[in-house]
Amino acid sequence: MKAFVTGVGGQLGHDVMDELVNRGYEATGSDILESVPTDYPYVQLDITDTEAVEKAISEVRPDVVIHCAAWTAVDAAEDEENKPKVKAINVDGTQNIANVCKKLGCKMIYISTDYVFNGQGTEPWQPDCKNYAPQNVYGQSKLDGELAVANTLDKYFIVRIAWVFGVNGKNFIKTMINVGKTHDEVRVVSDQIGTPTYTLDLSRLLVDMAETEKYGYYHATNEGGYISWYDFTVEIYRQAGMSTKVTPVTTAEYGLSKAVRPFNSRLDKSKLVENGFNPLPTWQDALSRYLKEIDI
């Protein structure tokens, strides 16, 4: 299997490339960055440049494109000056990639988010649910990216994830540990519920998917039960051996964010097992392994 991966400068793309190489597959990475620390073939690529996308992917002629590149700064996406960039990257860039995949007849894996839903209620969202109602600019852009893929290709996987953390980049865990080192107490929202996703575990699943033709929509986060950000922080500090006090607050009390955040990020993942894929390990186990990987 030959793969082309976008966004290898980020948390997920970095781990996907490692997983492909570890399994002995031929893989080419790409990102908008001039270079990334890598031993594998790398192409600098602006996915909003239609001609550049066609040239880069066509030269590799992959069996699968794993599309990890995205605008992920949720609050910054709300700024008027950023909205055109968000659309250009998450929608138009995704369409560019889907068009080349169609031309070459290759598979495409698109990484999406629980933000495509309205974030209300308590029922876990089903992967094939079409009751979309994004509550912010980022969510709408990711939904439009989903539709670009689904309306262009037959051979696609759309994989929705949530609460992502990985070694290669910024994330909630790193932020909480840094804040905990300088504060005796932190306030964390307790009314937003979901499950974390460790990019190392997710990357293994994505490569498992690429090896099959079990196309469609999937949800993939770590197992271990649904929790709040407050619950997550308490466990982070417990496992890290930190004594910082964690105080639960409501989203309204916390304030601060420009973008509307979902209260319900519960994703139903049973379709993974139904289609023969291994579920991700528990988030507690993922956190333990992750903390050993980073310098705290």
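Modeller: Before we start, a polar contact here is a pair of N or O atoms within 3.5 Å; within protein, one must be able to donate a hydrogen and the other to accept it, and residues adjacent in sequence count only if both atoms are side-chain atoms. This is a predicted model, where local features need pLDDT of at least 70 and side-chain atom pairs count only at pLDDT 80 or more, while totals for chains, interfaces and linings use all residues. Residues are numbered from 1 along each chain as its sequence is written, and side-chain values use heavy atoms, with hydrogens and water left out.

Colleague: OK, so what does the side chain of Asn-136 reach?

Modeller: The backbone nitrogen of Gly-139, at 2.7 Å. A polar atom of the Asn-136 side chain also lies 3.4 Å from the backbone nitrogen of Tyr-138.

Colleague: And where is Asn-136?

Modeller: In the loop between strand S5 (107-113) and helix H4 (137-152). Helices (H or I, at least four residues) and strands (E, at least two) are DSSP runs, numbered from the N terminus.

Colleague: Is Asn-136 buried or exposed?

Modeller: Asn-136 counts as buried because its relative accessibility is 7%. The cut-offs are under 20% relative accessible area for buried, over 50% for exposed and partly exposed in between, with a 1.4 Å probe and protein chains only.

Colleague: What does Asn-136 touch?

Modeller: Skipping residues up to four places away in sequence, Asn-136 touches Val-74, Glu-78, Tyr-115, Ala-259 and Val-260. Contact means heavy atoms within 4.5 Å.

Colleague: Switching topic: how many cavities of 30 Å³ or more are there?

Modeller: One. A cavity is a set of points on a 1 Å grid over the protein atoms alone where a 1.4 Å probe fits but cannot get out, and lining residues have an atom within 4 Å of a point. The largest has a volume of about 40 Å³; grid points are joined across faces, edges and corners, and a volume is the space filled by probe spheres set on the points.

Colleague: Which residues line the largest cavity?

Modeller: Asn-136 is one of them, and the others are Tyr-115, Phe-117, Asn-118, Gly-119, Gln-135, Val-260 and Pro-262. By class, that lining has four nonpolar, four polar and no charged residues. Ala, Val, Leu, Ile, Met, Phe, Trp, Tyr, Cys and Pro count as nonpolar, Asp, Glu, Lys and Arg as charged, and the others, Gly among them, as polar.

Colleague: Tyr-115 came up twice. Which side chain has a polar atom 3.0 Å from the Tyr-115 backbone nitrogen?

Modeller: That of Thr-113, which sits in strand S5. Thr-113 is buried, with a relative accessible area of 4%.

Colleague: What about Thr-48, where is that?

Modeller: In the loop between strand S3 (42-44) and helix H2 (50-60). Thr-48 is partly exposed at 30% relative accessible area, and a polar contact of 2.7 Å joins the side chains of Thr-48 and Asp-46. Thr-48 and Ala-88 are 40 residues apart in sequence, yet 5.9 Å apart in space, C-alpha to C-alpha.

Colleague: Any odd backbone angles? What is phi for Arg-61?

Modeller: Near 50°, a positive value in a residue other than glycine. Most residues other than glycine have a negative phi. Arg-61 is in the loop between H2 and strand S4 (64-67) and is exposed, with a relative accessible area of 53%. Phi of Trp-163 is near 50° too, but Trp-163 is buried, at 10%.

Key:
1 Å grid on protein atoms, 1.4 Å probe; cavity = no way out; pocket = protein on both sides within 12 Å on 5 of 7 lines; lining within 4 Å.
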